[in-house]
Amino acid sequence: MELLQKKIIKEGIALSDTVLKVDNFLNHQIDPQLMNEIGKEFAARFKGEGITKIVTLESSGIAPAVMTGLVLDVPVIFARKKKSLTLTEGLITSQVYSYTKQETNDISIASKFLNDQDHVLIIDDFLANGQAALALVDIVEKTNASIAGIGIVIEKAFQDGGKFLSEKGCRVESLARIQSLANQTIEFVNWETS
Ligand code: G4P
Ligand code: NA
Ligand code: NA
């Protein structure tokens, strides 16, 4: 997605060879116009798939997921990382392993929001090692809903997440795919600028 690539080049910072900082528009401050375009792009890519629900993970997945849900006119469910005061019954939980933190955390959704009639689009902001996306796939599968695919705003293609998800047979649509962050330089797999 050209608009997103240009934004990443303009405002993204390669913090290290593996970490891209995009808190100007995605991870802290949010650019609503860009999120709107991202929502339209995901919706276009999954149009005609019969999506009934979108599932994401708090917090940074919510903005792109909601904009996609607006266009597809379907509800958006975000998996929670912390136990909620009111959300205590009928929880479906899965574990996410973090390589950087070397710890495992639970994420959960309420089972009442998904059932075997649902066809789900999973959305997240980043795809790195794929642990969060795999946990979202696991949660959705536990509800017996089916999965249309996974929409990722920024994929770090030099990490293994994309490979793990395709090995599971998941369709992955990434709007920007980073080839390398070496030497403080952001390189895409395909530079789409016309
Ligand atoms: P890890 O196994 O590679 O350590 O990744 P992990 O899943 O633990 O991800 C930790 C957080 O960092 C996640 O956000 C993930 O989306 C994000 N992340 C992974 N790689 C990058 C990157 O290169 N740049 C940025 N900006 N984020 C990255 P989170 O903790 O769930 O935070 P949030 O959704 O509340 O923002
Ligand atoms: Na994040
Ligand atoms: Na995230």
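**Exercise 1.** Determine whether K7 is buried or exposed, and describe its surroundings.

*Solution.* Step one: K7 has a relative accessible area of 18% and is therefore buried, since buried means under 20% relative accessible area, exposed over 50% and partly exposed in between (1.4 Å probe, protein chains only). The model is predicted: local features need pLDDT of at least 70, side-chain atom pairs count only at pLDDT 80 or more, and totals for chains, interfaces and linings use all residues. Residues are numbered from 1 along each chain as its sequence is written, chains are lettered from A and ligands numbered from 1 in the order in which they are written, and side-chain values use heavy atoms, with hydrogens and water left out.

Step two: K7 belongs to helix α1, residues 2–11; helices (H or I, at least four residues) and strands (E, at least two) are DSSP runs, numbered from the N terminus.

Step three: once neighbours within four places in sequence are set aside, K7 is in contact (heavy atoms within 4.5 Å) with G12, F25, D31 and L34.

**Exercise 2.** Place I150 in the chain and list what it touches.

*Solution.* Step one: I150 is part of strand β8, residues 146–156. Step two: the relative accessible area of I150 is 0%, so I150 is buried. Step three: not counting residues up to four places away in sequence, I150 touches F46, L121, I122, V137, L165, C170, R171, V172 and E173. Step four: K83 is 67 residues from I150 along the chain, and their C-alpha atoms are separated by 25 Å.

**Exercise 3.** Identify the protein donors of the sodium ion (ligand 3).

*Solution.* Step one: donors are N, O and S atoms within 2.8 Å of the metal (3.2 Å for Na, K and Ca); water is not among the atoms, so sites may look incomplete. Step two: the protein donors of ligand 3 are D124 (OD) and D125 (OD), at 2.3 to 3.1 Å from the ion. Step three: D125 also bridges this sodium ion and the sodium ion (ligand 2), the two lying 3.6 Å apart. Step four: D124 and D125 are both buried.

**Exercise 4.** Which atoms of Y99, N129 and K156 lie by ligand 1?

*Solution.* Step one: a polar backbone atom of Y99 is 2.9 Å from an oxygen atom of ligand 1. Step two: a polar side-chain atom of N129 lies 2.8 Å from an oxygen atom of the ligand. Step three: an N or O atom in the side chain of K156 is 2.7 Å from a nitrogen atom of ligand 1.

Key
A polar contact is a pair of N or O atoms within 3.5 Å; within protein, one must be able to donate a hydrogen and the other to accept it, and residues adjacent in sequence count only if both atoms are side-chain atoms.
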